[in-house]
Amino acid sequence: MPSPTDRRVLSLLESHPQYREDDVFALSTKLRGDGFEPDVVSEALTQARLRQKAESKFGERAHTMLFTSDGLEQASRPDAAKHHAEQFLSAGVQSIREVGCGIGADTLAFAQAGLTVHARELEEDRAQIARYNLVAFPNASVELADGLLDVTEDALWADPARRGPKGRINNPEEWGPPLSRVLEAARRTRIAGIKVAPGIDYGQLPNDATVEWLSSGGDLIEAIIWLGLGQPSRRAVLLGEAELIIEGDPTTPAEMVEPQELGTFIYEPDPAVIRAGGIAQLCTQFNLAPVAPGIAYLTGNSRIDSPFLTAFEVIDVLPLQEKKLARELSNRHIGTVEIKKRGLEISPETLRKRLKLKGTESATLILTPLLRSRNALLVSRIQP
Ligand SMILES: C[S@@+](CC[C@H](N)C(=O)[O-])C[C@H]1O[C@@H](n2cnc3c(N)ncnc32)[C@H](O)[C@@H]1O
């Protein structure tokens, strides 16, 4: 099989930019009929398909890049990669060692920000692809070598591989490379950032780190352990919007807040705030409390506008029993429901089917334990 950077593959890819899944068989038959070698056709079509898939992550830029299927999946989103670059820039960094650049999504953001990047990658196909993706940036180089060796740069960035042939790898010591080895190399630089699983246990964090959880549009993206960025803390970063800082040793367990009776409003904290253990801080700031022990729905009696909270007004508290709930919703002519839930083993999809709703109105239901019962809260979403 030719490599994706093979000249024949690239020229075929450039001459046939359009790719449609339903057209693939006809197109590949035609190209072979035109005399192109089958494996060149196959690789060019694979790249065309990956470019199309990559559009949701990289936009139009995807059509000038090359990918591997895994490399695309593991690549940092451009908005997150830009954030990584900004942290290095604001710390006065000029040159970075990147450990494991994959197809080069972070490398691209570093290079675009004007940093000098010495990226290393252990897999040859990815290293070649990253070089192609970075061809316009003389300030970026990609070497086929172990990124943890001979670190001489001012700063280090690592995004260890967290998926293996059997799926997601939870143990940081099984990541590629293992977290402890990355931390060891990172300690030899002035500033280091290590992308980690957002679900990482606080106990696995270094106690002198600044640890960020990033989200965008209410979706959790990733977590990053920063060394050398200043006072230790945990931070929830809503990209381009806001930041909540929980000062102190990041390994300290999140502070728990006593729950209280359901009030007029219910608030869903941004997932980055939940992961960063920032609920107690929001509760103090806005006079809120959880609706039940350990449940990340917060309640209170005043309306709050905060980028960290999605707000709902409670319309009614309904029984969480299928038949009764179906009757209540049907009495209100509700035919379409958005179902949110926490702390309950219920599948919203299954419940929605079983409710067999017919009606013209739409509504939002929040299924949750409260202090003394489990209920379906009929709520109305408050637009910020
Ligand atoms: C999750 S991917 C990086 C994705 C990249 N940040 C991006 O945005 O495209 C991790 C990469 O690290 C590489 N890798 C693992 N251990 C390495 C090491 N010791 N040195 C260099 N590369 C390594 C893997 O081959 C893999 O391609």
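Which helix gives the most to the lining of the largest cavity? Helix 3 does, with 3 residues. That is one detail of a predicted model. This report covers its cavity, its two largest pockets and its ligand.

**The cavity**

The count comes to 1 cavity of 30 Å³ or more. The largest cavity has a volume of about 60 Å³. Its lining consists of Leu12, Leu13, His16, Gln18, Tyr19, Leu27, Leu31, Ala44, Leu45 and Ala48. Helix 1 (7–15), helix 2 (24–33) and helix 3 (38–58) are the elements that give two or more residues to this lining. By class, the lining of the largest cavity has 8 nonpolar and 2 polar residues. Charged residues are absent from it.

**The largest pocket**

The largest pocket has a volume of about 1,200 Å³. Its lining counts 49 residues. Nearest its centre lie Gln74, Asp159, Pro160, Ala161 and Arg162. Helix 4 (69–74) supplies the largest share of this lining, 4 residues. Other elements that supply at least two residues each include strand 1 (95–99), strand 5 (163–164) and strand 9 (219–227). Helix 6 and strand 2 also supply at least two residues each.

**The ligand**

Where does the ligand sit? The space taken by the ligand is the largest pocket. Helix 6 (105–112) and strand 2 (116–121) are the elements that give two or more residues to the shell around the ligand. There are 23 residues around the ligand. Ser76, Asp106, Glu121, Arg126 and Asp159 come nearest. By class, this shell has 9 nonpolar, 7 polar and 7 charged residues.

Asp159 appears in both pictures. It is among the residues nearest the centre of the largest pocket, and among those that come nearest to the ligand. An N or O atom in the side chain of Asp159 is 2.7 Å from a nitrogen atom of the ligand.

Two backbone contacts can be added. For Ala105, a backbone N or O atom lies 3.2 Å from an oxygen atom of the ligand. For Pro177, a polar backbone atom is 3.4 Å from a nitrogen atom of the ligand. How much of the ligand does the protein bury? Taken alone, the ligand exposes 610 Å², and the protein buries 95% of that.

**The second largest pocket**

About 430 Å³ of space lies in the second largest pocket. Its lining has 23 residues. Glu268, Pro307, Leu309, Thr310 and Ala311 lie nearest its centre. Four elements give two or more residues to the lining: strand 12 (265–269), helix 9 (271–275), strand 15 (309–319) and strand 18 (374–382). Strand 15 gives the most, with 3 residues.

**Residue classes**

The table sets out the classes for the two pocket linings and the ligand shell.

| Site | Nonpolar | Polar | Charged |
|---|---|---|---|
| Lining of the largest pocket | 18 residues | 12 residues | 19 residues |
| Lining of the second largest pocket | 11 residues | 5 residues | 7 residues |
| Shell around the ligand | 9 residues | 7 residues | 7 residues |

In brief, the ligand takes the space of the largest pocket, and the protein buries 95% of the area that the ligand exposes alone. The largest cavity is lined by residues that include Leu12, His16 and Ala48.

How values were computed
Residues are numbered from 1 along each chain as its sequence is written. This is a predicted model: local features need pLDDT of at least 70, side-chain atom pairs count only at pLDDT 80 or more; totals for chains, interfaces and linings use all residues. Side-chain values use heavy atoms; hydrogens and water are left out. A residue is near a molecule or strand if one of its heavy atoms lies within 4 Å of it. A polar contact is a pair of N or O atoms within 3.5 Å; within protein, one must be able to donate a hydrogen and the other to accept it, and residues adjacent in sequence count only if both atoms are side-chain atoms. Accessible areas come from the Shrake-Rupley method with a 1.4 Å probe; for residues, only the protein chains shown count as cover. On a 1 Å grid over the protein atoms alone, a cavity is a set of points where a 1.4 Å probe fits but cannot get out, and a pocket is an open set with protein on both sides within 12 Å along at least five of seven lines; lining residues have an atom within 4 Å of a point. A molecule sits in a cavity or pocket if more than half of its atoms lie within 2 Å of its grid points. Ala, Val, Leu, Ile, Met, Phe, Trp, Tyr, Cys and Pro count as nonpolar, Asp, Glu, Lys and Arg as charged, and the others, Gly among them, as polar. Grid points are joined across faces, edges and corners, and a volume is the space filled by probe spheres set on the points.
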